[in-house]
Amino acid sequence: MTFEECLQEMKNIQEKLHDYLEDNENNTTLEDIFEDNRFHEDQNELIPLLHFVSKIFNNHYRDENFCSKIEEILLFFKEDMKTKLSNSELFHIFKSNKKILLFLQQEGILTFDEQIVKKIINDKYLKANYPEYFSPEIRPFINEKWFTDDLKRNEWFTNELPADFYEKRKTGENDGYICELIRKDSIDDFIIYVTRNVCSPNSIINPSIYETNNFLLKNEKITLIEYAAFFGSIQIFNYLRLNKAELTPSLWLYAIHGKNAEIIHLIEENQIKPKDESYNDCLIESIKCHHNDIANYILDQLLVKDKNTTNDVFLNCIKYCNIFFEQKNIINESLFFYLCRYDYYKLVKFFLNENYIDINAKIIYMKKFNAILILNHIFK
């Protein structure tokens with residue numbers, strides 16, 4: 001099997017899973033997709049698949065069935081995850097998604113042990129409200145010496161949890177009433193609310209500890225119209241637009257997440273260009289979201305291409321586990337490092353077996369991309 005054939009095999013599985021996640025009529029089953037047992041038998045096949053599940057759940061538009069379909073995939077591999085992967089390996093794969101971590105914990109697949117708790121009470125996890133979101137799982141560790149004094153004084157660890165905490169946490173969305181109206185695109189109730197509360201069209205939504213959408217967690221001061229674009233809520237988007245809400249370059253990235261072609265075309269018609277006027281950032285965001293129709297539209301109609309475009313696009317496809325188009329002549333050192341960093345065991349092994357790269361000459365860079373750990377895992 002050639003390298004391109006390996007990629008094509010990965011692409012075929014991803015396309016089948018895309019169809020499964022977006023098929024609301026249940027015409028495809030997981031048994032049909034995984035008709036052979038290699039994903040059950042070989043953890044080097046399973047781990048890249050779980051990375052795909054994590055990446056697509058982090059960014060893809062969530063329709064009414066999307067979350068439950070993701071959970072069905074995880075349950076399909078429940079025993080494999082429990083027997084073939086360690087607690088730390090599971091956390092490494094899904095650490096960027098609070099909602100999946102919660103699901104794995106509740107299904108008895110992942111345990112919040114000391115190692116995991118130490119990680120999520122520090123650094124970037126604090127900003128994304130991990131300690132508050134996982135306060136029931138963290139509370140048993142509050143008397144440990146390493147537990148921070150600031151968190152010991154935090155109301156989420158000193159007071160009773162809100163009565164609706166567990167319900168809202170499972171939903172995993174901003175619990176503000178106006179946010180709920182926007183997500184449902186409930187235009188009549190939205191107009192009543194903003195009129196009664198004298199809300200400016202440029203109002204900022206209040207953050208919520210229940211939020212689990214990665215893109216929203218990483219952005220601050222999100223406006224009502226940005227939030228509407230993110231959820232593809234065309235009626236409320238239009239209401240805010242016609243009431244003089246500011247149309248900013250940032251709307252492009254929110255609209256890509258919202259997967260609503262009408263909103264994207266309205267942004268174009270109003271001559272709003274993205275901050276990166278080459279549209280490269282928009283293309284990468286659409287790849288990250290696994291919104292491949294939008295990615296193809298940007299590639300064909302909007303992208304300002306240069307000699308590095310093709311290679312950069314493919315490397316981001318690798319990074320976000322979205323092998324959505326054919327590519328030739330892409331075997332190079334940069335690709336190898338990306339394959340190492342993002343746990344593509346099978347493709348890394350192919351590189352090594354075919355001697356496409358001098359490992360010894362690049363040992364410093366390999367350490368940077370965690371490749372030593374990957375290689376040890378492959379050949380252990």
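These are my notebook entries on the fold, the internal spaces and several single residues of a predicted model.

**Entry 1. Overall fold**

I began with the secondary structure of the protein chain and counted 29 helices and 0 strands. I then looked up the radius of gyration, which is 22 Å; the globule rule gives 21 Å for 380 residues, so the chain is as compact as a globular protein of that length. Along the principal axes, the C-alpha atoms fill a box of roughly 70 × 55 × 45 Å.

I next examined burial and found that 52% of the 380 residues count as buried. The accessible surface amounts to about 18,900 Å², and carbon and sulfur atoms account for 45% of that surface. For contacts between residues at least 6 apart in sequence, I noted that 67% join residues at least 24 apart.

**Entry 2. The largest cavity**

I turned to enclosed space. Rolling a probe the size of a water molecule over the atoms shows where empty space is left. The search returned 3 cavities of 30 Å³ or more. The largest cavity holds about 240 Å³ of space. I recorded 17 lining residues for it, with M10, F39, E45, P48 and L49 the closest to the centre.

Which helices each supply at least two residues of this lining? I found α1 (3-22), α3 (38-41), α4 (43-59) and α27 (345-353). By class, the lining of the largest cavity comprises 11 nonpolar, 2 polar and 4 charged residues.

**Entry 3. The second largest cavity**

The second largest cavity encloses about 80 Å³. I listed its lining as F57, N58, N59, H60, Y61, R62, N213, F230, F231 and H257. Helix α4 gives the most to this lining, with 3 residues; α4 also supplies at least two residues to the lining of the largest cavity. I sorted the lining of the second largest cavity into 4 nonpolar, 5 polar and 1 charged.

**Entry 4. N213, a lining residue**

I followed N213 further, since N213 is among the residues lining the second largest cavity. I placed N213 in the loop between α17 (187-196) and α18 (214-218). Is N213 buried or exposed? Its relative accessibility is 5%, and the cut-off for buried is under 20%, so N213 counts as buried.

Not counting residues up to four places away in sequence, N213 touches R62, G172, E173, F230 and F231. Of these contacts, R62, F230 and F231 also appear in the lining of the second largest cavity. I also took the C-alpha separation of N213 and G172, which is 7.9 Å for two residues 41 apart along the chain.

**Entry 5. The second largest pocket**

I then looked up the second largest pocket, with a volume of about 400 Å³. Its lining has 17 residues, and T171, E173, R183, K184 and F231 lie nearest the centre. Helices α15 (165-171) and α16 (177-184) are the elements that give two or more residues to this lining. I found the lining of the pocket to hold 3 nonpolar, 3 polar and 11 charged residues. F231 is named here and is also a lining residue of the second largest cavity.

**Entry 6. Buried positions in helices**

I checked S135, which lies in helix α12 (residues 135-138). S135 has a relative accessible area of 0% and is buried. Leaving aside neighbours within four places in sequence, I found S135 in contact with W156, F157, L161 and F165.

In helix α26 (residues 333-341), I noted L335, F336, F337, L339 and C340 as the buried residues. After α26 comes D343, with a positive phi near 65°.

**Entry 7. Exposed loop positions and positive phi**

I looked for further positive phi values. Most residues other than glycine have a negative phi. V198, not a glycine, has a positive phi of about 50°. V198 belongs to the loop between α17 and α18, and with a relative accessible area of 72% V198 is exposed.

K244 likewise has a positive phi, near 70°. I located K244 in the loop between α20 (234-242) and α21 (251-258); K244 is exposed at 70% relative accessible area.

Last, I looked up E25, in the loop between α1 and α2 (30-33). E25 has a relative accessible area of 63%, over the 50% cut-off, and is therefore exposed. The C-alpha atoms of E25 and S54 are 23 Å apart, for a sequence separation of 29 residues.

Notes:
Residues are numbered from 1 along each chain as its sequence is written. This is a predicted model: local features need pLDDT of at least 70, side-chain atom pairs count only at pLDDT 80 or more; totals for chains, interfaces and linings use all residues. Side-chain values use heavy atoms; hydrogens and water are left out. On a 1 Å grid over the protein atoms alone, a cavity is a set of points where a 1.4 Å probe fits but cannot get out, and a pocket is an open set with protein on both sides within 12 Å along at least five of seven lines; lining residues have an atom within 4 Å of a point. Grid points are joined across faces, edges and corners, and a volume is the space filled by probe spheres set on the points. Helices (H or I, at least four residues) and strands (E, at least two) are DSSP runs, numbered from the N terminus. Ala, Val, Leu, Ile, Met, Phe, Trp, Tyr, Cys and Pro count as nonpolar, Asp, Glu, Lys and Arg as charged, and the others, Gly among them, as polar. The radius of gyration is taken over C-alpha atoms; the globule rule is 2.2 Å times the number of residues to the power 0.38. Buried means under 20% relative accessible area, exposed over 50%, partly exposed in between (1.4 Å probe, protein chains only). Contact means heavy atoms within 4.5 Å. Accessible areas come from the Shrake-Rupley method with a 1.4 Å probe; for residues, only the protein chains shown count as cover.
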